[in-house]
Amino acid sequence: MPAAEPVDPRSEEHTPAGTSIAALRAAIPLFIPAIPFGLVVGVAITDSAMPTAVAWSTNVVIFAGAAQLATVSLAATATWLTLVATAAVINLRHVMYSAALSPRFNDQPRWFRWIGPFFLIDQLFALTSVRTTLPGPVWRRFYLTAGIFYFLSWTTVVTVGLVVGSSIPVEWRLDVAPAIMFAGLVVLGLANRPGIVAAVVGAGVCLLALDVPNNGGILVGAVSGVIAGYLADVAEARRDDRLDTKAAR
Amino acid sequence: MNTLPALAAVISVGMITYASRAGLIVFLADRPLPANISRALRYVGPAVLSALTVNLLAGGRGIDGVEFVEVAAVGVAIAVAVVARNLLAALAAGMVTLWLLLWLL
């Protein structure tokens with residue numbers, strides 16, 4: 001995801017309308033890459049073992065693309081517990097966003113501290129975490145405008161995918177699209193070498209653990225991958241420290 | 001999956017999603033995460049998404065569920081994602097590979 005450039009504070013500081021327009025202008029480019037993802041989620045809803053209306057309600061109840069896609073596509077093979085646990089693990093990255101933005105929420109009104117986090121998807125985090133120097137009310141308006149924009153456009157795109165997807169023949173094998181989507185998301189999310197270690201170990205262990213009942217292999221793979229990534233990170237930091245000490249001599 | 005268990009699953013996932021987004025903002029304002037935890041959290045994304053990819057390829061049928069055409073499509077998508085850094089290009093390349101192989105084989 002491209003880093004959003006901090007908007008010139010002068011353009012947003014004065015009028016509420018100006019802030020909202022700036023928020024939309026910043027939000028739209030980041031939404032474009034999410035469009036195919038939304039379409040895939042819509043198609044997956046038509047394929048889902050869940051009733052279509054319930055699968056569609058993930059837009060409003062969950063509002064998190066990866067967790068929605070996992071929920072609707074695992075419904076056929078996973079038990080209730082595995083499904084919920086997998087989505088929970090997928091969402092753990094949001095804890096990082098929450099941690100990073102929490103200082104910015106401290107001086108905000110209570111209603112916003114409760115409602116704001118619902119909209120906290122990757123794109124909104126990317127936009128608002130680089131604008132923390134805006135005055136409180138301006139930042140809040142910026143956050144809510146972009147958040148509501150993402151909520152409405154995401155729901156629209158998924159619904160379009162649902163309508164289009166139900167008229168596409170089974171031979172097109174759109175059921176493979178979620179796996180391709182997740183593989184692409186992994187690659188685009190890789191920022192460093194320990195990330196690659198985490199991904200390879202996660203996939204490898206899940207492959208070995210495919211016979212674990214109730215799709216438990218996902219969790220076994222995920223936990224192994226996180227541990228491997230963490231250890232690789234620690235090892236890399238140690239090595240860098242050693243190199244730094246040598247260079248300093 | 002019947003309506004009721006499906007709805008229960010969706011609401012549970014929704015509550016967990018909200019909790020992971022709101023937890024630190026609503027309840028633990030101004031208390032930073034321990035460094036070790038945030039270090040480990042960084043690797044949750046790659047680990048769980050790659051495990052999920054493998055699991056979806058198997059489709060609940062163990063190793064027998066992994067089809068060659070699917071693996072090839074995902075492999076091409078990964079290669080395109082590495083080179084182009086673009087999700088749409090990766091998805092398109094993967095699907096086109098899948099269709100070509102299904103047509104050829």
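What share of the contacts in chain A with a separation of 6 or more comes from residues 24 or more positions apart? In this predicted model, such pairs account for 69% of those contacts. Chain A contains 14 helices and zero strands, and its pattern along the sequence is accordingly written with α alone, α-α-α-α-α-α-α-α-α-α-α-α-α-α. Taken along the principal axes, the C-alpha atoms of chain A fill a box of roughly 65 × 60 × 30 Å. Of its 249 residues, 49% count as buried.

Chain A is divided into two parts, with domain 1 covering 9-174 and domain 2 covering 190-249. Their C-alpha centres lie 27 Å apart. Where the two domains of chain A meet, eight residues of domain 1 are in contact with six residues of domain 2. On the domain 1 side, helix α7 (residues 80-90) of chain A gives the most, with four residues. That side of domain 1 divides into four nonpolar, four polar and no charged residues.

Helix α12 of chain A deserves a paragraph of its own. Within chain A, helix α3 (residues 34-47) packs against α12(A) at an angle of about 150°, and the two axes are 10 Å apart. The crossing of α3(A) past α12(A) is left-handed. On the α3(A) side the residues that meet the partner helix are F37(A), V40(A), V43(A) and A44(A), while α12(A) supplies A177(A), P178(A) and M181(A). By class, this contact of α3(A) with α12(A) is made of seven nonpolar, no polar and no charged residues.

The contact between the chains takes 82 residues from chain A and 66 residues from chain B. The largest share of the chain A side comes from helix α12 (residues 177-189) of chain A, which gives 13 residues. In the side of chain A that touches chain B, 58 residues are nonpolar, 19 are polar and five are charged.

F182(A) offers a view of this region from a single residue. F182(A) is found in helix α12 of chain A, and it counts as buried because 27 C-beta neighbours lie inside 10 Å, above the cut-off of 20. Although F182(A) and F37(A) are 145 residues apart along the chain, their C-alpha atoms are separated by 9.5 Å. Across to the other chain, F182(A) touches L49(B), L52(B), T53(B) and L56(B), with residues up to four places away in sequence left out of the count.

What does the helix at residues 44-58 of chain B look like when its length is checked? Helix α3 of chain B has 15 residues and, at 1.5 Å a residue, should span 21 Å; its end C-alpha atoms are 21 Å apart, so expectation and model agree. Since 15 of the 15 residues of α3(B) are buried, this helix is largely enclosed by the rest of the structure. Just after α3(B) comes G59(B), with a positive phi near 60°.

A second residue that links the chains is Y18(B), which is found in helix α1 (residues 3-27) of chain B. Y18(B) counts as buried because it has 21 C-beta neighbours inside 10 Å. Apart from neighbours within four places in sequence, Y18(B) is in contact with P117(A) and F118(A). Within chain B, Y18(B) and V44(B) are 26 residues apart in sequence, and their C-alpha atoms are 17 Å apart in space.

Two loop residues of chain A are also worth a look for their backbone angles. F63(A), in the loop between α5 (58-61) and α6 (65-74) of chain A, has a phi near 50°, a positive value in a residue other than glycine. R173(A) is found in the loop between α11 (136-165) and α12 of chain A, and its phi is also positive, at about 55°, although R173(A) is not a glycine. Are these two residues buried or partly exposed? F63(A) is buried, because 22 other C-beta atoms lie within 10 Å. R173(A) has 17 C-beta neighbours inside 10 Å and therefore counts as partly exposed.

Notes. Residues are numbered from 1 along each chain as its sequence is written. Chains are lettered from A and ligands numbered from 1 in the order in which they are written. This is a predicted model: local features need pLDDT of at least 70, side-chain atom pairs count only at pLDDT 80 or more; totals for chains, interfaces and linings use all residues. The expected span of a helix is 1.5 Å times one less than its number of residues. A residue is buried if 20 or more other C-beta atoms lie within 10 Å of its own, exposed if 12 or fewer, and partly exposed in between; C-beta atoms are placed from the backbone. Two residues are in contact if their C-beta atoms, placed from the backbone, lie within 7 Å. Ala, Val, Leu, Ile, Met, Phe, Trp, Tyr, Cys and Pro count as nonpolar, Asp, Glu, Lys and Arg as charged, and the others, Gly among them, as polar. Domain bounds come from an automatic or database domain assignment. Axes are lines fitted to C-alpha atoms, for helices over the stretch in contact, and angles run from 0 to 180 degrees between N-to-C directions. A crossing is left-handed if the near helix is turned anticlockwise from the far one by less than a right angle, and right-handed if clockwise.
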